[in-house]
Amino acid sequence: MIDARTGKKEMATPQTLKDVTRIVEDGLCIGCGLCASLSGGKLDMKISPLGYLRPYTKSELSHELVDLVYDVCPGLRQDTLPEHLIEPDTDIDPVWGPIRGMYSAHAGDETTRIKAASGGVLSGLSKFLLETGKVNYILHMRTADTDATHGIAHVSRTVADVDVGSGSIYGPGAPLDTFLKHLDAGEPFAFIGKPCDVSAVRNYATRDPRVDQLVKYILTPVCGGIVPPAMMDKFLQNKGFTRESLTKFKYRGDGCPGDVEYTDTKGRSGSAIMYEPYGGIQESDWQLPFRCKICPDGPGEGADIAAGDQWVDDVPDWEFAKIDKGTNAVLVRTKAGEQLWKDAAAAGYINIEQTITPRFYDTCQHHHVVKKMYTRARWNGLAEAGALEPRSNGLRLDAYFEKNSNEVNRAQTEGTIARLPGGRETL
Ligand SMILES: Cc1cc2nc3c(=O)[nH]c(=O)nc-3n(C[C@H](O)[C@H](O)[C@H](O)COP(=O)(O)OP(=O)(O)OC[C@H]3O[C@@H](n4cnc5c(N)ncnc54)[C@H](O)[C@@H]3O)c2cc1C
Ligand code: SF4
Ligand code: SF4
């Protein structure tokens with residue numbers, strides 16, 4: 001079958017094998033919630049046995065709905081920016097994708113900067129968009145009421161609302177489970193979500209023109225992956241806490257990165273270093289969900305602006321972290337993002353420290369460079385193991401595959417085949 005969007009051979013599974021559960025079973029679901037939103041109540045996002053948010057089928061799905069989900073699900077498709085948003089003079093970096101400018105920066109307002117995850121750039125831009133009336137609201141994420149380690153979709157219409165959502169949530173959350181309702185409401189808004197959530201929005205834009213009409217700006221955190229729920233349970237258990245008894249869980253913030261902080265119903269509290277829930281301080285200790293290990297787009301190529309951390313050699317200087325107010329590395333990708341960036345800086349919502357280069361950012365994000373190099377080989381492992389294989393356009397995965405040695409590619413493919421049983425999920 002030929003993919004109508006790219007003209008290339010379609011990689012995903014033939015029609016007869018399609019059902020939404022299969023995406024979960026093959027370890028490809030991210031839990032964004034888009035399919036549930038599109039299903040008119042036939043799919044429900046619920047916690048799976050492994051602790052992830054996954055779509056559960058409540059009643060029979062039509063072929064049309066399943067086809068639609070297979071076309072727009074970010075577990076099955078992640079592309080770079082759509083062609084019409086890439087200006088002729090935009091640089092396409094092999095690792096970081098479309099770039100019109102790269103900066104070290106932080107929120108202009110000190111309180112926003114310090115409270116936020118890194119330097120408060122995403123919150124600062126959100127506040128600028130609201131206070132200048134460029135959008136009516138921001139659709140993003142805040143801590144869930146039901147589980148303090150989870151996120152839930154959050155609508156911000158005021159700067160105080162933005163503060164409620166500021167900070168990073170490294171746990172499950174489905175920011176798009178009400179996405180269709182936002183389009184039906186017909187108000188202009190901005191969306192902030194992880195790169196995979198952004199892919200879902202861009203994918204759905206090819207099927208519904210209201211996305212481009214109403215979603216005025218798309219912002220994203222650079223993303224290396226969430227904490228697997230089993231790792232979170234282990235972390236809490238080691239600290240003598242349980243997930244059920246938590247009244248607060250903060251992954252980071254109040255300085256950069258700030259501590260993990262948690263309290264429970266008995267009023268007990270604790271703190272930890274940011275990476276402990278992932279499994280340890282060193283990059284080699286981090287545990288990730290299977291889907292995040294085969295993610296093709298941590299840098300968030302589909303967004304107008306992406307913002308990440310800026311720590312040389314991937315982790316903070318822990319001594320400086322004690323006093324660090326926070327800095328983001330920022331990747332401005334589109335014309336709309338560039339205008340927003342300039343206007344927000346001119347109005348004092350963003351404070352630009354300096355320009356940076358892609359090769360400098362490689363030194364801060366070694367794990368993203370490596371993932372980009374190996375994704376195609378890892379996806380080949382999915383195909384060889386008989387799992388669904390995602391499609392991708394413009395992320396330069398094939399170019400890296402061709403540059404790698406055969407031995408390296410084969411090792412990555414076999415590694416994925418070996419890990420896939422652990423990635424497969426049941427509902
Ligand atoms: C799961 C995850 C993994 C990450 N991995 C990396 C990495 O490998 N390297 C790196 O440099 N940076 C990573 N980041 C980005 C980093 O943690 C900051 O989010 C980023 O630098 C933006 O900081 P800020 O101060 O501008 O954000 P803030 O001003 O604090 O705003 C953060 C915004 O993101 C939204 N948000 C937070 N969590 C989620 C979520 N789970 N899903 C959807 N929206 C969310 C919030 O609602 C808020 O609008 C990751 C972020 C996440 C959520
Ligand atoms: S990734 Fe999103 S759209 Fe795809 S199956 Fe999971 S929840 Fe549904
Ligand atoms: S690593 Fe990729 S798949 Fe995992 S949460 Fe981040 S953007 Fe989504």
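Q: In this predicted model, what makes a residue count as buried, and how does that apply along strand β11?

A: A residue is called buried if 20 or more other C-beta atoms lie within 10 Å of its own. In strand β11, which covers residues 260-264, the side chains alternate: V260, Y262 and D264 point to one face and are buried, while E261 and T263 point to the other face and are not.

Q: Which strands pair with β11, and in what sense?

A: Pairing is read from the bridges between two strands, of which at least two are needed. Strand β10, residues 246-250, pairs with β11 in the antiparallel sense over 4 bridges, and strand β12, residues 269-272, also pairs with β11 in the antiparallel sense over 4 bridges. Two individual positions help to fix the register: T263 in β11 stands opposite K248, and E261 has S271 in β12 as its bridge partner.

Q: How many residues lie between β11 and β12, and what is the phi of G267?

A: The two strands form a hairpin with 4 residues between them, and within the turn G267 has a positive phi of about 85°.

Q: Which residues are closest to ligand 1, and how does its shell divide by class?

A: A shell can be read by its members, by the elements that supply them and by their classes. Ligand 1 is surrounded by 33 residues, and the closest are A116, S123, P221, G224 and G308. At least two residues of this shell come from each of α5 (121-131), β6 (137-143) and β13 (305-308), with α5 giving the most, namely 3 residues. By class, the shell around ligand 1 holds 14 nonpolar, 16 polar and 3 charged residues.

Q: What does the same reading give for ligand 2?

A: Around ligand 2 there are 15 residues, the closest being C29, C32, C35, C73 and G75, and the helices α1 (20-25) and α2 (34-38) each supply at least two residues of that shell. The division here is 12 nonpolar, 3 polar and no charged residues, a count in which Cys is taken as nonpolar and Gly as polar.

Q: Where do the domains lie along the chain, and how many residues of each are in contact?

A: The size of an interface is often given as the accessible area lost when the parts come together. For this chain the description is instead by residue contacts. The domain assignment gives domain 1 as 83-227 + 287-366 and domain 2 as 229-273, and their C-alpha centres lie 24 Å apart. In all, 24 residues of domain 1 are in contact with 16 residues of domain 2, and the side of domain 1 that touches domain 2 has 10 nonpolar, 10 polar and 4 charged residues.

Terms used. Residues are numbered from 1 along each chain as its sequence is written. Chains are lettered from A and ligands numbered from 1 in the order in which they are written. This is a predicted model: local features need pLDDT of at least 70, side-chain atom pairs count only at pLDDT 80 or more; totals for chains, interfaces and linings use all residues. A residue is near a molecule or strand if its C-beta atom, placed from the backbone, lies within 6 Å of it. A residue is buried if 20 or more other C-beta atoms lie within 10 Å of its own, exposed if 12 or fewer, and partly exposed in between; C-beta atoms are placed from the backbone. Domain bounds come from an automatic or database domain assignment. Two residues are in contact if their C-beta atoms, placed from the backbone, lie within 7 Å.
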